[in-house]
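Biologist: I would like each label to be set against its cut-off before I accept it. Can we go through them one at a time?

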Amino acid sequence: MFVPNGSKLSSTVFAPGYLDGCVYLSTDGSVQYKDMFAVAGGLLRDQKSAWIVGFTRYLRNCEVIDSKLWGILDGLQIALDCGFRNVIIRTDSLEATNLIHEGVHEGVHEGSNFALLMRIQLILKQLRY
């Protein structure tokens with residue numbers, strides 16, 4: 001699934017060398033419902049699969065989809081801060097991918113993760129060539 005600004009959302013397995021000149025953002029998030037421990041994290045790799053940077057965030061109490069979106073948001077912000085403009089996002093969450101895709105194309109205007117989606121969309125616009 002392609003976002004019109006040159007970034008790619010994907011739920012496929014990492015394939016080094018897929019597209020030269022880009023970085024790969026692999027993210028995940030999870031919630032342990034027993035004690036409501038929620039985290040998000042990920043890493044950036046170059047087109048040769050070399051590690052660039054990793055990150056994590058403790059989220060307190062949230063839903064799993066929000067932890068997935070936080071991982072994407074944090075990773076995109078780090079990529080932008082590092083000067084990368086061509087980012088392929090790897091996530092295991094089809095729901096997060098669909099929410100971002102629908103938001104970019106149709107405008108998502110409700111729901112508890114509205115602010116996260118809007119921030120992700122703003123960063124995706126900045127990644128345009």
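Biologist: Why is Asp28 called partly exposed?
Modeller: Buried means under 20% relative accessible area and exposed over 50%, with partly exposed in between, using a 1.4 Å probe and protein chains only. Asp28 has a relative accessible area of 38%, which lies between those two limits, so partly exposed is the label. Keep in mind that this is a predicted model: local features need pLDDT of at least 70 and side-chain atom pairs count only at pLDDT 80 or more, while totals for chains, interfaces and linings use all residues. Residues are numbered from 1 along each chain as its sequence is written, and side-chain values use heavy atoms, with hydrogens and water left out.

Biologist: What makes Lys68 and Asp28 a salt bridge?
Modeller: The term requires a side-chain nitrogen of Lys or Arg within 4 Å of a carboxyl oxygen of Asp or Glu. For Lys68 and Asp28 the closest N and O atoms are 2.6 Å apart, so the pair meets the rule. Lys68 belongs to helix H1 (residues 64-81) and Asp28 to strand S2, so the salt bridge ties together parts 40 residues apart in sequence. Helices (H or I, at least four residues) and strands (E, at least two) are DSSP runs numbered from the N terminus.

Biologist: Is Lys68 buried or exposed?
Modeller: Lys68 counts as buried, because its relative accessibility is 10%.

Biologist: How do you know that Arg57 and Asp74 form a salt bridge?
Modeller: Their side chains meet at 2.7 Å, N to O. Arg57 is in strand S4 and Asp74 in helix H1, so this pair ties together parts 17 residues apart in sequence. At a relative accessible area of 33%, Arg57 is partly exposed, whereas Asp74, at 12%, is buried.

Biologist: What makes Lys68 and Asp92 a salt bridge?
Modeller: The closest N and O atoms of Lys68 and Asp92 are 2.9 Å apart, so the distance condition holds here too. Lys68 lies in helix H1 and Asp92 in the loop between S5 and helix H2 (94-106), so the pair ties together parts 24 residues apart in sequence. Salt bridges with shared partners join Asp28, Lys68 and Asp92 into one network.

Biologist: How many salt bridges does the rule give?
Modeller: The count is three.

Biologist: Why are S2 and S3 said to pair?
Modeller: Two strands pair if DSSP finds at least two bridges between them. Strand S2 (residues 23-32) and strand S3 (residues 37-45) run antiparallel and are joined by nine bridges, so the condition is met. Tyr24 stands opposite Arg45 in S3, and Gly29 stands opposite Ala40 in S3. Their hairpin has four residues between the strands, and Met36 there takes a positive phi near 60°.

Biologist: In which sense do S3 and S4 pair?
Modeller: S3 and strand S4 (residues 51-60) pair in the antiparallel sense over eight bridges. Val39 has Tyr58 in S4 as its bridge partner. In this hairpin, with five residues between the strands, Ser49 takes a positive phi near 75°.

Biologist: In which sense do S2 and S5 pair?
Modeller: The pairing of S2 with strand S5 (residues 87-90) is parallel, over four bridges. Val23 stands opposite Val87 in S5.

Biologist: How many disulfides does the structure hold?
Modeller: Zero. A disulfide is a pair of cysteine sulfur atoms within 2.5 Å. As for burial, Cys22 counts as buried because its relative accessibility is 1%, and Cys62 counts as buried at 13%.

Biologist: What is the pattern of the chain?
Modeller: Along the sequence it reads β-β-β-β-α-β-α-α, with three helices and five strands.

Biologist: What share of the 129 residues in the chain is buried?
Modeller: Buried residues make up 43%.

Biologist: What share of contacts between residues at least 6 apart in sequence joins residues at least 24 apart?
Modeller: The share is 62%, where contact means heavy atoms within 4.5 Å.
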